[in-house]
Amino acid sequence: MKTALSLITAASDRGLLPIEDLRAAAGVTGNGEDARLQKAGVAVADTIARWCGVAQAGISPPTLRRETLEQTFWPAQCHMQLVMARRFVGTISVIEKGVSLPAEEFSLDAAAGLLLRLRGGEPCEWACGAIKVTYQAGFEEVPTDLAQVASEMVSRRLGTARDPMLKRRRVDVPGVEEVEEEFWVDANAAVDITPDMAAVLLAYRTPVFG
């Protein structure tokens, strides 16, 4: 199915953490480093959005924060459901072949971003032809677990958190100090998003259909 996605209203802030949480993650007091912290926060949010497969609309970076989008579908054949490019949908309006549909003529799975056509309260096929959907997607208020992952990533980027890949650390003090570290994986292969972070972010990842 051919589809096109365009951005109507961009998120005012792509970051997942307010400045107070960014300061806490970096172990910073005062506002002297706010510009650097906000830049790191946006970079982390962008990394998470890319990992989660958030669809890009135009040239604006994808984000998990609330945005208003317009998506047009041109089904070559009749389909029972439309797959929105973005998940976590808020307000929505649908125009099918030039006719605006009342709310009782479609059903939305907001978390998954799936749109069913209804007729008489029962699912039916969408008509062939242009279907224009205008909707909000993403979070106005960032979920706690998502914010926690972002906070840990900021801490790691700014060097203030213990490396989650570190399995064991032993320090011998007598005589000459000797430090031995054992990692769950090769420390040189460690990435921004660790397995424990990925386990949380899976709930926010865009599934691939077909």
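# Exercises on a predicted model

Five strands make up an open sheet, ordered β1-β2-β9-β4-β5, with antiparallel pairing. The model is predicted. The exercises below start from this sheet.

## Exercise 1. The sheet edges

Task: find which strands stand at the edges of the sheet, and what that leaves without a neighbour.

Solution.
- Step 1. Read the order: β1-β2-β9-β4-β5.
- Step 2. β1 (2-9) and β5 (99-100) are the edge strands, and each has a single partner strand. One side of each is therefore left without a neighbour in the sheet.
- Step 3. Check one pairing. β1 runs antiparallel to β2 (residues 67-74), with seven bridges. Opposite Leu7 stands Leu69 in β2.

## Exercise 2. Hairpins around β7

Task: trace the antiparallel partners of β7 and describe the turns of its hairpins.

Solution.
- Step 1. Take β3 and β7 (residues 114-119). They pair antiparallel over three bridges. Val83 has Leu114 in β7 as its bridge partner.
- Step 2. Take β6 (residues 106-109) and β7. Four bridges join them in the antiparallel sense. Phe106 is opposite Arg117 in β7. The two strands form a hairpin with four residues between them. In that turn, Gly113 has a positive phi of about 75°.
- Step 3. Take β7 and β8 (residues 122-124). They pair antiparallel over three bridges. Here Arg117 is opposite Cys124 in β8. This hairpin has two residues between its strands, and Gly120 in the turn has a positive phi of about 65°.
- Step 4. Follow the side chain of Arg117. Its charged end sits over the ring of Trp126, 5.9 Å from the ring centre.

## Exercise 3. Aromatic pairs

Task: classify the ring pairs of Tyr204 with Phe88 and with Phe139, and say which parts of the chain they link.

Solution.
- Step 1. Search the whole structure: three aromatic pairs turn up.
- Step 2. Start with Phe88 and Tyr204. Their ring centres are 5.8 Å apart and their planes meet at 50°, so the pair is tilted. Phe88 is in the loop between β3 (81-83) and β4 (89-96), while Tyr204 is in the segment after α4 (195-201). The two are 116 residues apart, and the pair links distant parts of the chain.
- Step 3. Move to Phe139 and Tyr204. The centres are again 5.8 Å apart, but the planes stand at 80°, so this pair is edge-to-face. Phe139 lies in the loop between β9 (131-137) and α3 (144-157) and Tyr204 in the segment after α4, so the pair ties together parts 65 residues apart in sequence.
- Step 4. Check burial. Phe88 and Tyr204 are buried. Phe139 is buried as well.
- Step 5. Combine the results. Phe88, Phe139 and Tyr204 form one aromatic cluster.

A further ring contact involves a charge: Arg205 lies over the face of Trp51, 4.1 Å from the ring centre.

## Exercise 4. Positive phi outside glycine

Task: are Phe88 and Lys97, with their positive phi values, buried or exposed?

Solution.
- Step 1. Phe88 has phi near 60°, a positive value in a residue other than glycine. Its relative accessibility is 13%, so Phe88 counts as buried.
- Step 2. Lys97 is not a glycine, yet has a positive phi of about 50°. Lys97 sits in the loop between β4 and β5. With a relative accessible area of 54%, Lys97 is exposed.

## Exercise 5. The two sides of α1

Task: sort residues of helix α1 by burial and find what the buried ones pack against.

Solution.
- Step 1. List the buried residues of α1 (residues 19-26): Ile19, Leu22, Ala25 and Ala26.
- Step 2. Check their directions. They span an arc of only 120° around the axis, so they are on the same side of α1.
- Step 3. Turn to the other side: Glu20 and Ala24 are exposed there.
- Step 4. Find the partners. The buried residues of α1 pack against α2 (34-51) and α3.
- Step 5. Look past the helix. Gly27 follows α1 and has a positive phi, near 70°.

## Exercise 6. Confidence

Task: where in the protein chain is confidence lowest, and where is it highest?

Solution.
- Step 1. Get the overall level. Mean pLDDT of the protein chain is 88, and 84% of its residues reach 70 or more.
- Step 2. Compare elements. Strand β11 (residues 178-183) has the lowest confidence, at a mean of 58, and β9 the highest, at 98.
- Step 3. Inspect residues 186-190. Their pLDDT stays under 50, and the model has two contacts for them beyond four places in sequence.
- Step 4. Draw the consequence. Where pLDDT is low, predicted coordinates should not be read in detail.

Conventions:
Residues numbered from 1 in each chain as written. Heavy atoms only, no water. Phe/Tyr/Trp six-rings, centres within 6.5 Å; stacked < 30°, edge-to-face > 60°. Buried < 20%, exposed > 50% of the residue type's maximum accessible area, 1.4 Å probe, protein only. Lys NZ or Arg CZ within 6 Å of the ring centre and 35° of its normal. pLDDT = per-residue confidence, 0-100. Contact = heavy atoms within 4.5 Å. Arc of directions from axis to C-beta. Pairing = 2+ DSSP bridges.
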